[in-house]
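Q: Please take me closely through one part of this structure, and then connect that part to what surrounds it and to the chain as a whole. I am new to it, so a careful account would help.

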Amino acid sequence: MADQANHLSDDVSLGAPDAPTALLPTGLPIGSSPDDLETGRMDPPSPVRAWFGVAILLVFSLFSYLDRQIIALLVDPIKADLGLTDSQLGLLQGLAFALLYSVAGLPIGWAVDRYPRRIVIFLGMVTWSASSAACGLAHNFWQMFVARTVVGVGEASLSPTAVSLIGDLFPRDKMATPMGVFSTGFYLGGGAALVIGGWIASLFAGREVVAFPLIGDVAPWQATFLVAGLPGILVALLAFAITDPRPAAAHLQAHRTPAEQRHLLPFMREHRRVIGFAFSAFGLSALVGYAITSWTPAFFMRTLGWSAAEVGATFGTVIALSGAAGAVGGGMLMDRLFRAGHKDAIFLLTGIVSLIAAPVLVGAYFMPWPMATMALLCLGLTFLGVIAAGSFTSWQVIAPPSLRGQLTAAFVLVGAIVGAGLGPLSVGLLTDYLFGDPRMVGYSIAIVVGFALPTMGVLLLSGRGALRDHPEFD
């Protein structure tokens, strides 16, 4: 009854301003204990506030992947305008983005664990949105390369902040479901990038230039970047509507927790087995995701003759719906398995799913009928959605609250190098130098996927014992 009363009280107070919080000499709110400072968080807020925060983070994730992936639909007009090769396009889609995305994640993760998280994510979104719009002003390879690297700097703030916040907004046995919802942003955003990009491309079809306000004449692909990037600067203000349950004096926690929980590297050395399995496996899942979403639109346009609008409407919808369904369903299933006593639920489920997904996704690029290809991609991307939910949830389970931002940022480094850096580039290199034919891009995707997913499955299933033996952190 007391718990129900507390939740009712929290819900009723949503419409009223928060009263000033009295602090103890330690800097903690009255009624709290030193243990609250030790863990770096207070009691979770009401479910309504918690899920409202997840909804805002999902919107940010949507915009993040929209700005990150919209280039996939524009590869051929960019290639023609700037005179690029597939290898250079692979660099723009992957390494250019990953270069500073990976490096910036570590200091941003450190800041997330010590400073107001809403400010960190606000600044990050403003940065990546403005830089994505700047891609629309590029006139050569290196200008586009620089703009894409700054997009990576801004987006490096999202995952560490979101994982840290959601870890404090929900209890341990209910974390996977909201993390699954958050991870749908990859698929909803990637799908939206194709749908919106295809729609914009259809608006400008047959026109050599577009008159853009205050800027002047730009190519249709440049207008697409500008229209996709600029709105995010205003949307970033929603960051200040998220409830942050971390106590006002949580920055003192860095001086009060044990040394092994204050510093990332000693923690990673102590728990290197489980972290090694997770980083290796989920790094490969990032490689698969980037390879598929970056080059499948070109596969449909080059081999089947589809227009950008057709690819955007069809493949974009498949990405959004199937990936999102897999992420939410996978998160819910992981929560149920965890409550049933399976401490290794994350590795068990994602390991099995990755082995099933491999032949499905490889086979998609060899189907003789477009709709058969799309059906297999729909099923395969549902499986990848389950894996995405497991990836995000694993950093909450493995790390204590004081290190979640930093450990997530460390994975951002690995995922950016292996996934964003090598995924699109490996497909481009295979197409250019192994096959020497742009129409063979589907074979290149199949080779990358056929290697990565089975390897990932073996790693995850081999790491189940390490995850079961790992200590639990509230």
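**A close look at Ser 102 and its surroundings**

A: Ser 102 has its place in helix α6, and everything said here about that residue and the others refers to a predicted model. With a relative accessible area of 4%, Ser 102 falls below the 20% limit and therefore counts as buried. Once its neighbours within four places in sequence are left aside, Ser 102 is in contact with Val 412, Leu 413, Ala 416 and Ile 417. A further residue from that stretch of sequence can be placed by distance, since Phe 411 stands 309 residues away from Ser 102 along the chain, while their C-alpha atoms are 8.6 Å apart in space.

Phe 411 leads on to the empty space inside the model. The structure holds seven cavities of 30 Å³ or more, and the largest of them has a volume of about 400 Å³. This cavity is lined by 25 residues, of which Tyr 65, Ala 286, Ser 391, Phe 392 and Phe 411 are the closest to its centre. Helix α6, where Ser 102 is located, is among the elements that give two or more residues to this lining, together with α3 (47-69), α10 (176-203), α15 (272-303), α18 and α19 (404-421). Sorted by class, the lining of the largest cavity consists of 17 nonpolar residues, seven polar residues and one charged residue.

The second largest cavity has a volume of about 110 Å³. Its lining includes Arg 172, Asp 335 and Lys 343, as well as Met 334, Phe 338, Thr 393 and Leu 467. Two or more residues of this lining come from each of α16 (308-339), α17 and α18, and α16 supplies the largest share, with three residues. By class there are eight nonpolar, one polar and three charged residues around this second space. Helix α18 thus links the two descriptions, since it gives two or more residues to the lining of the largest cavity and likewise to that of the second largest.

Other buried residues can be read in the way used for Ser 102. Ser 129 is found in helix α7 (residues 117-134), and it is buried because its relative accessible area is 0%. Not counting residues up to four places away in sequence, Ser 129 touches Asp 67, Gly 229, Leu 230, Gly 232 and Ile 233. Ala 162, in helix α9 (residues 158-169), counts as buried as well, again because its relative accessibility is 0%. Beyond its neighbours within four places in sequence, Ala 162 is in contact with Leu 57 and Phe 182; the second of these partners lies 20 residues away along the chain, with the two C-alpha atoms 8.2 Å apart.

Some loop residues give a contrast. Trp 369 is found in the loop between α17 (345-364) and α18 (370-398), and at 58% relative accessibility it passes the 50% limit and so counts as exposed. Its C-alpha atom is separated by 9.6 Å from that of Leu 304, a residue 65 positions away along the chain. Leu 214 lies in the loop between β1 (210-212) and β2 (216-218), where it is exposed, with a relative accessible area of 93%. Most residues other than glycine have a negative phi, whereas the phi of Leu 214 is near 70°, a positive value.

Two cysteines can be placed on the scale of accessibility too: Cys 135 counts as buried at 1%, while Cys 378, at 32%, is partly exposed. The number of disulfides in the model comes to zero.

Seen as a whole, the protein chain has 22 helices and two strands, and 58% of its 474 residues count as buried, Ser 102 being one of the residues described as such. Among the contacts in the chain with a separation of 6 or more, 82% join residues that are 24 or more positions apart. The protein chain exposes about 18,300 Å², and carbon and sulfur atoms supply 68% of that area.

Notes: Residues are numbered from 1 along each chain as its sequence is written. This is a predicted model: local features need pLDDT of at least 70, side-chain atom pairs count only at pLDDT 80 or more; totals for chains, interfaces and linings use all residues. Side-chain values use heavy atoms; hydrogens and water are left out. Helices (H or I, at least four residues) and strands (E, at least two) are DSSP runs, numbered from the N terminus. Buried means under 20% relative accessible area, exposed over 50%, partly exposed in between (1.4 Å probe, protein chains only). Contact means heavy atoms within 4.5 Å. Accessible areas come from the Shrake-Rupley method with a 1.4 Å probe; for residues, only the protein chains shown count as cover. A disulfide is a pair of cysteine sulfur atoms within 2.5 Å. On a 1 Å grid over the protein atoms alone, a cavity is a set of points where a 1.4 Å probe fits but cannot get out, and a pocket is an open set with protein on both sides within 12 Å along at least five of seven lines; lining residues have an atom within 4 Å of a point. Grid points are joined across faces, edges and corners, and a volume is the space filled by probe spheres set on the points. Ala, Val, Leu, Ile, Met, Phe, Trp, Tyr, Cys and Pro count as nonpolar, Asp, Glu, Lys and Arg as charged, and the others, Gly among them, as polar.
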